[in-house]
Amino acid sequence: MTFQKQSIKVLVVGCGNMGASHAIAYQNTEGFEICGIVSTGKSKEILNERLGGDYPLFSDYAEALASTQPDAVCISTYPDTHEAFAVMALEANCHVFIEKPLADTVAGAKRVADLAAEKGKKVVVGYILRHHPSWEKFVEIAQEMGKPLVMRMNLNQQSHGVMWNVHRNLMKSLSPIVDCGVHYIDVMCQMTRSKPIQVNAIGARLTEDIPAGNYNYGQLQIRFEDGSVGWYEAGWGPMMSETAFFIKDVIGPKGCVSIVAKEAGGTGKSDNVDSHTKTESLRVHYSDINSENAFTKADEWINLTDEPDHQELCNREQRFFLKAVQEDLDLTDHLEDAVNSLRIAFACDESVKTGLPVML
């Protein structure tokens, strides 16, 4: 006799772009059952209607937890609530899917990770690029280019309209190089699997439309123990240039590999979330030369057929979350990586504010 696995009751908290995408993933994934939707504003009604209009709605998270008694909580709210909301979920013996960053302080991120271990509950952090086959291939090829590596990445966003509202709200608690940078710092750490030893960063406040202590443009540099170096640049706002917002390449002694996204890197797409994860193709260049210094290998183009859009990436994240819960996956390394990338990002933030390098 075969037994059907019981569906995981999940409470969706936060109904913006990411929260809505995760809710759609839950609705379309066998093994999940949405038991409630939480937001402080009208977004929950809009999402509920989009999903069919049948789910209980809550304005208060604590009330929703007590009322629905979920097995899992999906947290897609602003970063300054992440730690408290995750702790409340874990204390209620729930598994947690949480958008990055894990918390808005390193100590807070460690508290969540430690509590997850204490409670024996799964916490999956929304590092969406880890579920993208093209980015996985990008990391794999980078690891074959020898050491040290030079990693060059950016994601500048000429945000306007609704996206500028989103970015201004985010900058009430975090800078662009922390909020977005954790993704790319995580990628760099995967590529090198070496200990980061020093960061330097610069930043500029290009508008008075954000808090006085923050900046809407930043660039960070990381030095690794194996000699590898990397930089990441992020800027948000209507004043940002789109000339070079999609640089993703890695150089090593044996050559280089670059993401070439001609469509996603086009004009007017820098603040489009679908464009942020698209790769379209990888260009691999080999440094092999003959006695006359001529290249002996042609560049290789890897055109990627499995190119999931933003919604499909969220579907894959939630399938991983389901697998982690149902198969009791060990997420120790996953959470350590999440805390580590956040620690590096906040060190970069410190470097911007002090004007000095930070040793790790």
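**Pro148 and its bond**

I began with Pro148, which in this predicted model lies in the loop between α6 (133-142) and β7 (150-154). I then looked up the peptide bond that leads into this proline, from Lys147 to Pro148, and found that it is cis, with omega near 0°.

I also checked what the UniProt record says about this part of the chain, and there the feature "domain: GFO/IDH/MocA-like oxidoreductase", from an unreviewed entry, is placed at residues 143-237. Over residues 143-237 I noted that the chain is 26% helix and 31% strand, while the C-alpha atoms at the two ends are 34 Å apart.

**Pro101**

Next I turned to the peptide bond from Lys100 to Pro101, which is cis as well, with omega near -5°. Where does Pro101 lie? I located Pro101 in the loop between β5 (95-98) and α5 (106-119).

**Gln69**

I then looked at backbone angles, and I wrote down Gln69 because it has a positive phi of about 45° although it is not a glycine, and because its side of the exposure scale is clear, with a relative accessible area of 60% that makes Gln69 exposed. As for its place in the chain, Gln69 sits in the loop between α3 (61-68) and β4 (72-75).

**Asn93**

Asn93 went into the notebook under the same heading of backbone angles, since this residue, although not a glycine, has a positive phi of about 60°. I found Asn93 in the loop between α4 (82-91) and β5. Is Asn93 buried, exposed or partly exposed? With a relative accessible area of 42%, Asn93 is partly exposed.

**Cys94**

I moved on to Cys94, which is found in the loop between α4 and β5, and asked whether this cysteine is buried or exposed. Cys94 is buried, because its relative accessible area is 0%, and the cut-off for buried is under 20%.

Which residues is Cys94 in contact with, once its neighbours within four places in sequence are left aside? I listed Leu65, Pro70, Asp71, Ala72, Val73, Ala89 and Lys121.

Finally I compared the positions of Cys94 and Gln69, which are 25 residues apart in sequence and, from C-alpha to C-alpha, 8.6 Å apart in space. I set their exposure side by side to close the entry: Gln69 is exposed, whereas Cys94 is buried.

How values were computed. Residues are numbered from 1 along each chain as its sequence is written. This is a predicted model: local features need pLDDT of at least 70, side-chain atom pairs count only at pLDDT 80 or more; totals for chains, interfaces and linings use all residues. Side-chain values use heavy atoms; hydrogens and water are left out. Helices (H or I, at least four residues) and strands (E, at least two) are DSSP runs, numbered from the N terminus. Buried means under 20% relative accessible area, exposed over 50%, partly exposed in between (1.4 Å probe, protein chains only). UniProt positions are given in the numbering used here, feature names are shortened, and annotations may be inferred rather than shown by experiment. Contact means heavy atoms within 4.5 Å.
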